[in-house]
Amino acid sequence: MGEEKGAMGYFERTLALSDEVGDASLSALTRGNIANLVLISGNTEKALSLFTESLVAFERLGDRQSSVFSLLGFADVYASLSDLSRAEEYARRALEISVGV
């Protein structure tokens with residue numbers, strides 16, 4: 001767990017700096033990275049909240065390719081909750097964007 005805490009510290013600093021300088025793309029990416037760490041610790045509600053923030057930001061930026069990262073994060077959360085139909089739904093959305101459907 002020590003490595004996750006160290007990583008979390010770096011991501012939190014990156015998030016603060018990206019917000020400070022107005023880099024919305026880096027902020028969205030960092031929120032997704034933090035969501036992954038939070039998910040590893042078992043906090044699915046917080047992970048969903050962070051993936052939502054990340055996805056909304058990527059959509060606002062028109063960055064469909066990066067939104068795949070957030071959508072796959074949702075799939076991971078729902079898979080961890082054994083909600084495989086929702087996990088598949090998000091994975092399918094990510095795949096459709098990836099292949100340009």
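**Close-up 1. How α2 and α3 run against each other in this predicted model.** Helices α2 and α3 are roughly antiparallel, because angles over 145 degrees count that way and this pair packs at about 160°. Their axes sit 8 Å apart, and α2 goes past α3 in a left-handed crossing. On the α2 side, the contact draws on Ala24, Ser25, Ala28, Leu29, Arg31, Gly32, Ile34, Ala35, Asn36, Val38 and Leu39. Facing them from α3 are Thr44, Lys46, Ala47, Leu50, Phe51, Glu53, Ser54, Ala57, Phe58 and Leu61. Sorted by class, the α2–α3 contact comes to 13 nonpolar, five polar and three charged residues.

**Close-up 2. Helix α2 on its own.** This helix covers residues 24–40. With 17 residues at 1.5 Å each, α2 should span 24 Å, and its end C-alpha atoms turn out to be 25 Å apart, so the two figures agree. The buried set in α2 is Ser27, Ala28, Thr30, Arg31, Gly32, Ile34, Ala35, Leu37, Val38 and Leu39. Have a look at what comes after the helix, too: Gly42 follows α2 and has a positive phi, near 95°.

**Close-up 3. Ser54, a buried serine in α3.** Ser54 belongs to helix α3. Its relative accessibility is 0%, so Ser54 counts as buried. Skip the neighbours within four places in sequence, and the contacts of Ser54 are Ala28, Arg31, Gly32 and Ser70. Ala28, Arg31 and Gly32 also appear among the α2 residues that meet α3, while Ser70 is one of the α4 residues that meet α3.

**Close-up 4. The α3–α4 pair.** Helix α4 takes in residues 64–80, and α3 and α4 pack at about 160° with axes 9 Å apart. That angle makes α3 roughly antiparallel to α4, and the crossing is left-handed. From α3, the residues involved are Thr44, Ala47, Leu48, Phe51, Thr52, Ser54, Leu55 and Phe58. From α4 come Ser66, Ser67, Ser70, Leu71, Gly73, Phe74, Val77, Tyr78 and Ser80. The class tally for α3 with α4 is nine nonpolar, eight polar and no charged residues.

**Close-up 5. Helix α3 and its cover.** The helix has 18 residues, running from 44 to 61. From first C-alpha to last, α3 reaches 25 Å, close to the 26 Å expected at 1.5 Å a residue. Buried in α3 are Thr44, Ala47, Leu48, Leu50, Phe51, Ser54, Leu55, Ala57 and Phe58. The cover over these buried residues includes α2, α4 and α5. Just past the end of α3, Gly62 adopts a positive phi of about 75°.

**Close-up 6. Thr44 and its contacts.** Here the view moves to Thr44, a residue of helix α3. Thr44 has 18% relative accessibility, so this threonine counts as buried; the cut-off is under 20%. Leaving out residues up to four places away in sequence, Thr44 touches Leu39, Val77, Ser80 and Leu81. Leu39 is itself on the buried list for α2, and Val77 is on the one for α4.

**Close-up 7. α2 alongside α4.** These two helices pack at an angle of about 15°, and their axes are 10 Å apart. The small angle makes α2 roughly parallel to α4, since anything under 35 degrees counts that way. Again α2 passes its partner, here α4, in a left-handed crossing. Leu29, Gly32, Asn33, Asn36 and Leu39 of α2 meet Phe69, Asp76, Val77 and Ser80 of α4. By class, that contact holds four nonpolar, four polar and one charged residues.

**Close-up 8. Helix α4 and what follows.** The 17 residues of α4 should span 24 Å at 1.5 Å a residue; the end C-alpha atoms lie 25 Å apart, so the helix agrees with expectation. Its buried residues are Ser67, Val68, Ser70, Leu71, Gly73, Phe74, Ala75, Val77 and Tyr78. Among the elements covering them are α2, α3 and α5, the last spanning 84–99. Right after α4, Ser82 has a positive phi of about 65°.

**Close-up 9. Val21 in α1.** Val21 lies in helix α1, residues 2–21. With 64% relative accessibility, Val21 counts as exposed. Val21 and Ala47 are 26 residues apart in sequence, and their C-alpha atoms are 24 Å apart in space.

Definitions and conventions
Residues numbered from 1 in each chain as written. Predicted model: local features only at pLDDT ≥ 70, side-chain atom pairs only at ≥ 80, totals over all residues. Heavy atoms only, no water. Helix = DSSP H or I, 4+ residues; strand = E, 2+ residues; numbered from the N terminus. Expected span 1.5 Å × (residues − 1). Buried < 20%, exposed > 50% of the residue type's maximum accessible area, 1.4 Å probe, protein only. Axes fitted to C-alpha atoms, helices over the stretch in contact; angles between N-to-C directions. Left-handed = near helix turned anticlockwise from the far one by under 90°. Contact = heavy atoms within 4.5 Å. Nonpolar A, V, L, I, M, F, W, Y, C, P; charged D, E, K, R; others polar. Parallel < 35°, antiparallel > 145°, perpendicular 65-115°, else oblique.
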